[in-house]
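Here's a quick briefing on the model below. Have the structure open while you read, and take the topics in order.

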Amino acid sequence: MALLSLPSIVVLENSTNVDELGAPDEACPLTQRKSSYRSIASLQRDLARCRACSEAGFPLESLPVRAPLAAQRAYMYGQAPGIVEGEERLPWRGRAGRTLRRWLDMDEGTFYATFFCASVTRCYPGRAASGRGDRVPTPREQELCAFWREWELELLRPRLIVAVGGLAIRALLGVSSLDCVGERHELAGASVVPLPHPSGASSWPSLPGNRERLARALALVQQELTHLH
Ligand code: SF4
């Protein structure tokens, strides 16, 4: 049984062609969304060339950022890649990633070996028009990108999902506050542990009581990981 219901979008046509390294390739097929995937490798091949948001008219400043697949035990779901991630096309490469690893007390190797990293949207959305921080992907972009998450969850069936940041928490749990940090939730048989975003842009961790909530959440992640050994 699917962890989440699958979206109706199947195949997008007339899109920009990109090759595996992100360079335009006239010979490659267009952005593809199959009606069904049997392997994560096949899904990742199609994700690598996804341009659905550009085709829908949204400005993007990178190609999709993808997790290196390495039989990870858990699924980490973030918000959207930053500029460094967009350039490297790898998740959690910048300062927020370093903070997250410090929170989890993991070095890079352990972190990437433990978590299959995904996010609400997979391409760097560019700077916000206000000039403060990055642009928040629109609801339509989030909806377009949910296709990849839903198939990843279907194929990987993780027993632990760590949702990082308000956008990711809302997408998975449907709640729009960080009051759920410090609690364990369930989604179709998986434990979901929400964390605040480690970007440093939010004042949430310094508000009264939130340091303790964060500590509880991090302890829950460690506890859940222990069960997955
Ligand atoms: S953000 Fe997601 S849906 Fe949009 S182009 Fe990138 S991979 Fe595709």
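**The sheet and what surrounds it**

Five strands make up an open sheet with mixed pairing, in the order E2-E1-E3-E5-E4. Its edge strands are E2 (115-119) and E4 (185-187), each of which pairs on one side only. Keep in mind that this is a predicted model, where local features need pLDDT of at least 70, side-chain atom pairs count only at pLDDT 80 or more, and totals for chains, interfaces and linings use all residues. Residues are numbered from 1 along each chain as its sequence is written.

**Terms used here**

- Helices (H or I, at least four residues) and strands (E, at least two) are DSSP runs numbered from the N terminus, and two strands pair if DSSP finds at least two bridges between them.
- A residue is buried if 20 or more other C-beta atoms lie within 10 Å of its own, exposed if 12 or fewer, and partly exposed in between, with C-beta atoms placed from the backbone.

**Strand pairings**

- On average, neighbouring strands of this sheet are turned by 30° against each other, direction ignored (axes are lines fitted to C-alpha atoms, for helices over the stretch in contact, and angles run from 0 to 180 degrees between N-to-C directions).
- E1 (residues 74-78) and E3 (residues 160-164) run parallel and are joined by three bridges; here Met76 stands opposite Val162 in E3.
- E3 and E5 also run parallel, with five bridges joining them, and Val162 has Val193 as its bridge partner in E5.
- E4 and E5 run antiparallel and are joined by three bridges, with Leu187 opposite Ala190 in E5.
- Those two strands, E4 and E5, form a hairpin with two residues between them, and Ala188 in the turn has a positive phi of about 45°.
- E5 is mostly covered, as five of its six residues are buried.

**Helix H7**

- What does H7 (residues 166-173) touch as it packs on the sheet? H7 touches E1, E2, E3, E4 and E5 (190-195), and its direction makes about 135° with that of E3.
- H7 is largely enclosed by the rest of the structure, because six of its eight residues are buried.
- The buried residues of H7 are Gly166, Leu167, Ala168, Ile169, Ala171 and Leu172.
- Their cover includes E1, E2, H6, E3, E4 and E5 (contact means that C-beta atoms, placed from the backbone, lie within 7 Å).
- Right after H7 comes Gly174, whose phi is positive, near 75°.

**Around the ligand**

- The ligand is surrounded by Cys50, Arg51, Ala52, Cys53, Leu60, Pro64, Thr121, Arg122, Cys123, Glu141, Leu144 and Cys145 (a residue is near if its C-beta atom, placed from the backbone, lies within 6 Å).
- H2 (52-55) and H6 (139-156) each supply at least two residues of this shell, and H6 gives the largest share, three residues.
- The shell divides into eight nonpolar, one polar and three charged residues, where Ala, Val, Leu, Ile, Met, Phe, Trp, Tyr, Cys and Pro count as nonpolar, Asp, Glu, Lys and Arg as charged, and the others, Gly among them, as polar.

**Positive phi in the loops**

- Most residues other than glycine have a negative phi.
- Ala71, in the loop between H2 and E1, has a positive phi of about 55° although it is not a glycine.
- Ala71 counts as exposed because it has 7 C-beta neighbours inside 10 Å.
- Arg157, in the loop between H6 and E3, has a positive phi of about 45°.
- Arg157 counts as partly exposed, with 13 C-beta neighbours inside 10 Å.

Terms used
Contact = placed C-beta atoms within 7 Å.
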